[in-house]
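Trainee: Could we go through this model together, one question at a time, with the reasoning spelled out before each answer?

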Amino acid sequence: MSVEISSPSGWPRLELGEVRRHFVIIGILALRDMKVRYKQSLVGFGWAFLQPLFTMLVFSAIFAGIVKVPTGDTPYPLFVMAALVPWSYFVHAINTTTSCLVANQTLITRVYFPRLVFPLSTVFSALVDFLIAFALLLIVLAWYGEVPTARIAFLPIFIVFAIIAAIALGLWLSALNVQYRDVFHALPFFTQVLMFISPVVYPAHVIPEKWQWLYDLNPMATVINGFRWVFVEGQPAPGLYSLWSVVVVTAVLTGGLYFFRWQEDRFADVV
Amino acid sequence: MSSETPMIEVENIGKRYWVGGYPMIDYRGMHALLERAVRAPFAAVARRVRSGRGSSEPAHIRAHLRWAIRNVSFTVAQGEVLGIVGQNGAGKSVLLKILSRITRPTEGRARLRGSVSTLLEAGTGFHPELTGRENIRLSGAILGMSKQQIEHRMEEIIAFAEIDEFLDTPIKHYSSGMVLRLGFSVSAHLEADIMLIDEVLTVGDENFQRRCIDKMRSVVGSGRTVLFVSHDLDAVKLICHRAILIRNGGIELDGPPDQVVAAHLGGGR
């Protein structure tokens, strides 16, 4: 086993095989983050349950009780919960991933392993919260007497898509955040806006026909529509335009990988 | 010393840093890239009009760039222990960071034929909220040990660090000495072919330091190739087969440790 060291030149090499060799570290970092996350807190991982629960209740009170968003036959809490599960995963993953390099600066400046390991570990450790919120969704389903149909077989597709979308965006944000900490500050605003251009609190069909194509470019629209289609009776499957969101994610992911690798050489010097 | 291919080959390694102001490296960072893209057409015309100068960097950029090390070349044979001495700021740590792939050189190449472990600071990977035992596992894994290796060495690591009673308390409650002892203990039990060590012996009291040196000698005796950066000149003379003196970013002397240490001490400040 020999290591070649040289100055950066030309197109950055992706070297994903190297990342695969350091796969174990991804798990170790994710485990570390999980162990540490709720230390010295009373409720611990219960927060991953309480947060979506309270959000669902507040949203139901406002968007069903006051604003009266049209969700057809579906009870609003179920309607919004099906969206909150993947949505809160995505937001949580993006939030932790954006700051993951800066948060691990001591590691980055003292040990070598491919820095791609960091955004990957945050995206995966966010899955724990996802599972807990998912349990809440199942409880809500049971509450309304809805039984998941065979469509649940399609659920993994949407979950994987959400994970890949989080990685794709996370690569850009985490790399940019190393040099421009504004990214971290702008993030809450950005996710707030993103929530309103995704069908979290309202059904996608309220968007006028002529803008559907643009709206469906949003990968989270595809994911949320997918979740609703799987779990809620009478919700349509994601439309054909949703396929374009796959193209968007692929482009963002590929660009993100190269961008990240290009900037990676400078992380230890700049972070 | 064996006459086979060298374990470590360093060829004309150089590293340039951005000093002061916006932290960019090599001015090829994004900020500068955008700036250059916008300026490019104008700069090209201006350059043709002006008489050509060697460097293509505008003067105000060049003022910020400093060479930390330049034209550093040497080889290390298998099983050799090379000491690296020099004043603070001479470039020793930069060299080690490049060889451990933490940062990339601006020019030059290097090759390391074997697994590499770097000790830039004791306690790498430690997290204050985790217990001593958990941190041993975490740090060991981050520094490249496999799960089996860690479990296998767990007893030794704990014994060497002498923190038995506090093993299951979060290390944020440890004294700084305890953290350092634990950190060094984990690092000392790494099992890589090549070890790059940067001044991690300056920890603990005399008793611990003596045990550290003994441990280092057994590591050395096991045939590993070691690059040892240190200000502890006695340790360098004791442990190293050979040494190099780094001054102003370059190698001033390469030879027996006694000679190199003398040159380092004798050289003008």
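Trainee: Where in chain B is B:Asn248 placed?
Mentor: In this predicted model, B:Asn248 has a positive phi of about 50° although it is not a glycine. Most residues other than glycine have a negative phi. As for its surroundings, B:Asn248 counts as exposed, at 75% relative accessibility, and its place in chain B is the loop between β8 (242-247) and β9 (250-255).

Trainee: B:Asn12 is not a glycine either and has a positive phi; in which element is B:Asn12 found?
Mentor: The phi of B:Asn12 is about 50°, and its relative accessible area of 38% makes this residue partly exposed. The element of chain B in which B:Asn12 is found, covering residues 8-18, is strand β1.

Trainee: Is B:Arg247 buried or exposed?
Mentor: B:Arg247 forms a salt bridge with B:Glu252, and the closest N and O atoms are 2.7 Å apart. Its partner B:Glu252 is partly exposed, with a relative accessible area of 45%. Buried means under 20% relative accessible area, and because B:Arg247 has 19% relative accessibility, B:Arg247 counts as buried.

Trainee: How many residues apart in sequence are the parts that the pair of B:Asp168 and B:Arg133 ties together?
Mentor: These two residues form a salt bridge whose closest N and O atoms are 3.4 Å apart. B:Asp168 lies in the loop between α5 (147-161) and α6 (176-188) of chain B, whereas B:Arg133 lies in helix α4 of chain B, so the pair ties together parts with a sequence separation of 35 residues.

Trainee: Which residue of chain A forms a salt bridge with B:Glu134?
Mentor: B:Glu134 lies in helix α4 (residues 132-142) of chain B and its partner in helix α2 of chain A, so the pair joins two chains. The partner counts as partly exposed at 37% relative accessibility. With the closest N and O atoms 3.3 Å apart, the residue that bridges to B:Glu134 is A:Lys35.

Trainee: With which side chain of chain A does the side chain of B:Arg109 make a polar contact?
Mentor: B:Arg109 lies in strand β4 (residues 107-112) of chain B and counts as partly exposed at 37% relative accessibility. Leaving aside residues up to four places away in sequence, B:Arg109 touches residues of both chains, including A:Ile5, A:Ser6, B:Glu9 and B:Val10. The polar contact, at 3.5 Å, is with the side chain of A:Glu4.

Trainee: Which residues are joined into one network by salt bridges that share partners?
Mentor: A search of the whole structure finds 23 salt bridges over all chains, and across the interface of chain A and chain B the rule finds six. Among the pairs between the chains is the salt bridge of B:Arg104 with A:Asp265, at 3.1 Å from N to O. The network built from shared partners consists of A:Glu4, B:Glu11, B:Arg109 and B:Arg111.

Trainee: Which element gives the most to the side of chain A that touches chain B?
Mentor: In total, 36 residues of chain A are in contact with 43 residues of chain B, and the two chains bury about 3700 Å² between them, 58% of it on carbon and sulfur atoms. Eleven residue pairs are in polar contact between the chains. At least two residues each come from β1 (3-6), α2 (23-37), α6 (105-108), α8 (155-179) and α12 (242-270) of chain A, and the element that gives the most, with eight residues, is α12(A).

How values were computed:
Residues numbered from 1 in each chain as written. Chains lettered and ligands numbered in written order. Predicted model: local features only at pLDDT ≥ 70, side-chain atom pairs only at ≥ 80, totals over all residues. Heavy atoms only, no water. Helix = DSSP H or I, 4+ residues; strand = E, 2+ residues; numbered from the N terminus. Buried < 20%, exposed > 50% of the residue type's maximum accessible area, 1.4 Å probe, protein only. Contact = heavy atoms within 4.5 Å. Buried area = accessible area lost by both parts, 1.4 Å probe. Salt bridge = Lys/Arg side-chain N within 4 Å of Asp/Glu carboxyl O. Polar contact = N/O pair within 3.5 Å; in protein donor to acceptor, adjacent residues only side chain to side chain.
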